[in-house]
Each structure stands twice: as structure tokens, then as C-alpha cells.
Amino acid sequence: MTIPLNITTLLFDLDGTLIHHHPSALDVFFTVLDKHQIPLMQSAYRETLHFIFEYWASSEELEQDLEMYGQFTEEFWLHYMKRKMWAVGLSEKQTTDLAEQVQLEFDALYQPETLVGKDVMPTLKALRSRGYKMGVVSNRSNSIDDEIKSLGFDVYLDFYFSSSDVQIWKPDPGIFEHALFLAESSAEATAYIGDNYYTDIIGAKNAGIYPVLYDPRNIFPDVDCHVIKDIADLVPQIIV
């Protein structure tokens, strides 16, 4: 599958697409559950990741939790932990009994490092050499400016911003429209590459942008959009 000829602007998600955190929060979560000898279904990892992706896509559950517990308070994160435990199939009683201890152990273990895939820099360089405009649109609740510069991405990008900069969160099409304004590009001439179907793909579609799902783990096997397994796949799939 190739990206349409008329695409001249490429927008990227940051976390889970251009960069990864190792170990991931989900891996640490499952490590803690394993320590407590909690049996899980084989499908638990994928189902929990689906829940996480959908939860952070401005879901009703997220809005309810923010309203009830405040923005990213300790109470908020504890209830989010309970939601993840429900997502893997734990009962209400198991969750009530274990949630606080699981949260404490998770907080102690989750000390990730930021990793950039070995194909990311060569891909950005190749795309820049072909004349594509490029930007990063992140759903972060904090600025990404310093991190983009420290990673060396800024030399390949025309712009980059996070949701906190504009107070709009994916999948709201407004955040994509702001990116189009910065890129001085039309939706028809723009593609968005991201790993979360619910925020990145649905959001891009709603803004009229060509969506590309980065899905190396086949988390979304039946989606109705362009899918890549490696960031490097972008180069041979773009027609120039």
C-alpha cells in the first residue's frame, strides 16, 4: 500500500510512535500483577492496551475521573489503576483489595528510559530530503519543546507542539487543524502517523487528514486505514 501522491505534509505522534518508553507502563503493570500471582487470560495484554488507548481518547470515563478526582491527583491515578485492573478481568473485590498495593509497587518500579527506534532518524532525514513538511502533534499535558530538541528531532521538523500548548486534545479535530495552520497545508495534502487508533486515526479522519496507523505489535488487526509496522516503511510507501 502506498501513500497518495498528493501528500506533501507529514504529521507525527510522539509517544509510542517516534519515541518509546522502556519498560513500558503496561509491561510494569503486568510485572506487578505477576508478582501477586494473578492469573490472566492470554488476551489480557491486548485488551488492556485497547482500554488504555480508548480511555485517553477524551473518553467519557476519563472526563468522569477528572471531574471526580481532579486532574492527575493521587486519587485520579489510583482510580485509573483500578480501571486497568478491571480491564484485565479482575473482580471488584480483587481490585479493592489490591489496588493501593499495586499502585505503590508500580510507582516504585516504573522508571523508564526514552528510546528512539533505530529507523526513526534515518526516516526523518530521508523524508526531509524529499521535501516533505513535517511536524509533531502530541497529546501531552506538558510542553515537548525541550525533549524534541534534546532528541535531535528539531532539525528535521518545521514545527512541534503538544495539547497543553493549545488546550485541545486528540481526537478533537481542532488540534489537527492547528497543525495544518502551522504547516500552511490543506487536509487533503497531509498525512498523520500515530500508534493510537482512537486518538490518532479517528482524529485525523475527522479532520480530513490521511491516517497512517503505526502498529508494530498488531494491536489493531482489523482497522480500515493504512497500516505500517516500522517507521522506515514510510519511505518506500510514499510516491514522489
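**Exercise 1.** Which backbone oxygen does the side chain of Thr190 reach? Work out the setting of Thr190 in this predicted model as well.

*Solution.* Start with the polar partner: the Thr190 side chain comes to 2.7 Å from the backbone oxygen of Ser186. Next, place the residue: Thr190 belongs to strand β6, residues 190-194. Then check its accessibility: the relative accessible area is 0%, so Thr190 is buried. Finally, list its neighbours. Leaving aside residues up to four places away in sequence, Thr190 touches Ile7, Thr9, Leu11, Leu180, Ser185, Ile209 and Tyr210.

**Exercise 2.** Is Ala183 buried or exposed? Find its contacts too.

*Solution.* Begin with the location: Ala183 is part of helix α9, residues 173-183. Its relative accessibility is 5%, and because buried means under 20%, Ala183 counts as buried. Now look along the chain: Asp158 is 25 residues away, yet the two C-alpha atoms are separated by 7.4 Å. Beyond residues up to four places away in sequence, Ala183 touches Thr9, Lys133 and Phe159.

**Exercise 3.** Why are the buried residues of α6 on the same side of the helix?

*Solution.* First pick them out: in α6 (residues 120-129), Val120, Thr123, Leu124 and Leu127 are buried. They span an arc of only 95 degrees around the axis, which places them on the same side of α6. The general rule helps here: an α-helix has 3.6 residues a turn, so residues three or four places apart point the same way. Now turn to the other side of α6, where Lys125 and Ser129 are exposed. As for partners, the buried residues of α6 pack against β1 (9-12), β3 (113-116), β4 (133-138) and α11 (234-237). Lastly, step just past α6: Gly131 adopts a positive phi of about 90 degrees.

Key
Residues numbered from 1 in each chain as written. Predicted model: local features only at pLDDT ≥ 70, side-chain atom pairs only at ≥ 80, totals over all residues. Heavy atoms only, no water. Buried < 20%, exposed > 50% of the residue type's maximum accessible area, 1.4 Å probe, protein only. Helix = DSSP H or I, 4+ residues; strand = E, 2+ residues; numbered from the N terminus. Arc of directions from axis to C-beta. Contact = heavy atoms within 4.5 Å. Polar contact = N/O pair within 3.5 Å; in protein donor to acceptor, adjacent residues only side chain to side chain.
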